[in-house]
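Subject: The structure I mentioned

Hi,

Here is the structure I said I would pass on. Have a look at it first, and then read on for what turned up.

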Amino acid sequence: MGQGLWRVARNQQLQQESYGEQGYLSREQSRRMAASSVSSTSHRKQVQGGIDIYHLLKTRKSKEQEGFINLEMLPPELSFTILSYLNATDLCLASCVWQDLANDELLWQGLCKSTWGHCSIYNKNPPLGFSFRKLYMQLDEGSLTFNASPDEGVNYLMSKGILDDSPKEIAKFIFCTRTLNWKKLRIYLDERRDVLDDLVTLHNFRNQFLPNALREFFRHIHAPEERGEYLETLITKFSHRFCACNPDLMRELGLSPDGVYVLCYSLILLSIDLTSPHVKNKMSKREFIRNTRRAAQNISEDFVGHLYDNIYLIGHVAA
């Protein structure tokens, strides 16, 4: 009988403990639900000013099959900023979905000017029915035609009113365009020395070290593969332009265009000597200084040594 009373008392104790735990869990769950409700409410209050973004994110979450937010639901400025990162091909594809946005003239104007930095038509009143999207297609066609036949490419751009028949305008177009084939461009400039003269004057070599200026020059006007009259013409024009941009430095160093011409030739020969795998015995710094000072006696030994160091560390001036 004593054992029976003990079992009854023990069962009552377990029931009370179980009830207490359930009560504790139910109370804890209630607190969590209340906190979640308060947090959700406060979050909605925080985004009350940006309810559109909250709505967009909520819509995106409920429509995951769309993949991304519809650009038409964003502010126009933000949509244009996103589309401005696309190239012409992707922008044409985007116009199949967002016709009004992707066909915007500002986007195509940015594409035109980022690829062809200068065209005569940019500074004119646009004709009736003008479109930057159409202009982009014409400029692309003109560049492709130039890369096949330079004269035909330039004539095509002139016939469309994109480029004026002026050496200066053609030179600016070439200077601000990176889609032209450099081999065809070299042939064209060799034949059009008037355009070459204006192209040289577009370079500004002020306060540039001579080898770095020569690299920039040959980056726009590519040097021929062999020595000859055209290479001599390029170096001569560069020497006069470099001296015109740095008159104070030329007086300080005691250099004339002829002296710069000698230094440029020395730098080209040194570049070939140091970079060519066929040259076994590379020219030393002492040899370069001695040979250069024989041709340009007024130049200081330290300056010639800096020229050698630049070629040795950076590389060819006409690569």
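**Helix α13 and its partners**

Let's start with a pair of helices: α13 (residues 229–245) and α15 (residues 257–275) have axes that come within 8 Å and cross at roughly 125°. That angle makes α13 oblique to α15, and the crossing of the two is right-handed. Bear in mind that this is a predicted model.

On the α13 side, the residues that meet α15 are Leu231, Glu232, Ile235, Thr236, Phe238, Ser239, His240, Phe242 and Cys243. Their counterparts in α15 are Pro257, Val260, Tyr261, Cys264, Tyr265 and Ile268. Sorted by type, the residues of this contact between α13 and α15 are eleven nonpolar, three polar and one charged.

Helix α13 also meets α11. Here the axes come within 10 Å and cross at roughly 35°, and α11 passes α13 in a right-handed crossing. From α11, the contact takes in Arg193, Leu196, Asp197, Val200 and Thr201; from α13, it takes in Glu229, Tyr230, Thr233, Leu234, Lys237 and Arg241. This time the split is four nonpolar, two polar and five charged.

Two of the residues in that contact, Lys237 and Asp197, also form a salt bridge, with their closest N and O atoms 2.3 Å apart. The pair links distant parts of the chain, since lysine 237 is in helix α13 and aspartate 197 is in helix α11 (residues 193–201), 40 residues apart. Lysine 237 counts as partly exposed because its relative accessibility is 23%. Aspartate 197 is partly exposed too, with a relative accessible area of 35%.

**Other salt bridges**

How many salt bridges are there by the rule used here? The count comes to eight. As background, side chains of opposite charge can pair when their charged atoms come close.

One of the eight joins lysine 124 to aspartate 164, with the closest N and O atoms 2.7 Å apart. Lysine 124 sits in the loop between α6 and α7, while aspartate 164 sits in the loop between α8 (150–159) and α9 (167–175), so this pair, 40 residues apart, links distant parts of the chain as well. Lysine 124 has a relative accessible area of 38%, which makes it partly exposed, and aspartate 164 counts as partly exposed at 29% relative accessibility.

Another salt bridge stays inside one helix. Aspartate 248 and arginine 251 meet side chain to side chain at 2.3 Å, N to O. Both lie in helix α14 (residues 247–253), three residues apart, about one turn of the helix. Is each of these two partly exposed or exposed? Aspartate 248 is partly exposed, with a relative accessible area of 49%, whereas arginine 251 counts as exposed at 60%. Elsewhere, Asp190, Arg193 and Glu229 are joined into one network by salt bridges that share partners.

**A buried tryptophan**

Back in the loop between α6 (105–115) and α7 (132–148), look for tryptophan 116. Its relative accessibility is 1%, and therefore it counts as buried. What does tryptophan 116 contact, leaving aside its neighbours within four places in sequence? Its contacts are Tyr122, Tyr136, Leu139, Asp140, Ser143, Phe173, Cys176, Thr177 and Thr179. One of these, tyrosine 136, is 20 residues away along the chain, and the C-alpha atoms of tryptophan 116 and tyrosine 136 are separated by 9.1 Å.

**Helices α16 and α17**

Further along are helix α16 (residues 285–295) and helix α17 (residues 301–314), whose axes come within 9 Å and cross at roughly 125°. These two are therefore oblique to each other, and α16 passes α17 in a right-handed crossing. The contact is made by Lys285, Phe288, Ile289, Thr292 and Arg293 of α16 together with Glu301, Val304, Gly305, Leu307, Tyr308 and Asp309 of α17. Its residues divide into five nonpolar, two polar and four charged.

**The whole chain**

Finally, some overall numbers. The protein has 17 helices and zero strands. Buried residues make up 35% of its 319 residues. Among contacts with a separation of 6 or more, 58% are between residues 24 or more positions apart.

Cheers

Note on methods
Residues numbered from 1 in each chain as written. Predicted model: local features only at pLDDT ≥ 70, side-chain atom pairs only at ≥ 80, totals over all residues. Heavy atoms only, no water. Axes fitted to C-alpha atoms, helices over the stretch in contact; angles between N-to-C directions. Helix = DSSP H or I, 4+ residues; strand = E, 2+ residues; numbered from the N terminus. Parallel < 35°, antiparallel > 145°, perpendicular 65-115°, else oblique. Left-handed = near helix turned anticlockwise from the far one by under 90°. Contact = heavy atoms within 4.5 Å. Nonpolar A, V, L, I, M, F, W, Y, C, P; charged D, E, K, R; others polar. Buried < 20%, exposed > 50% of the residue type's maximum accessible area, 1.4 Å probe, protein only. Salt bridge = Lys/Arg side-chain N within 4 Å of Asp/Glu carboxyl O.
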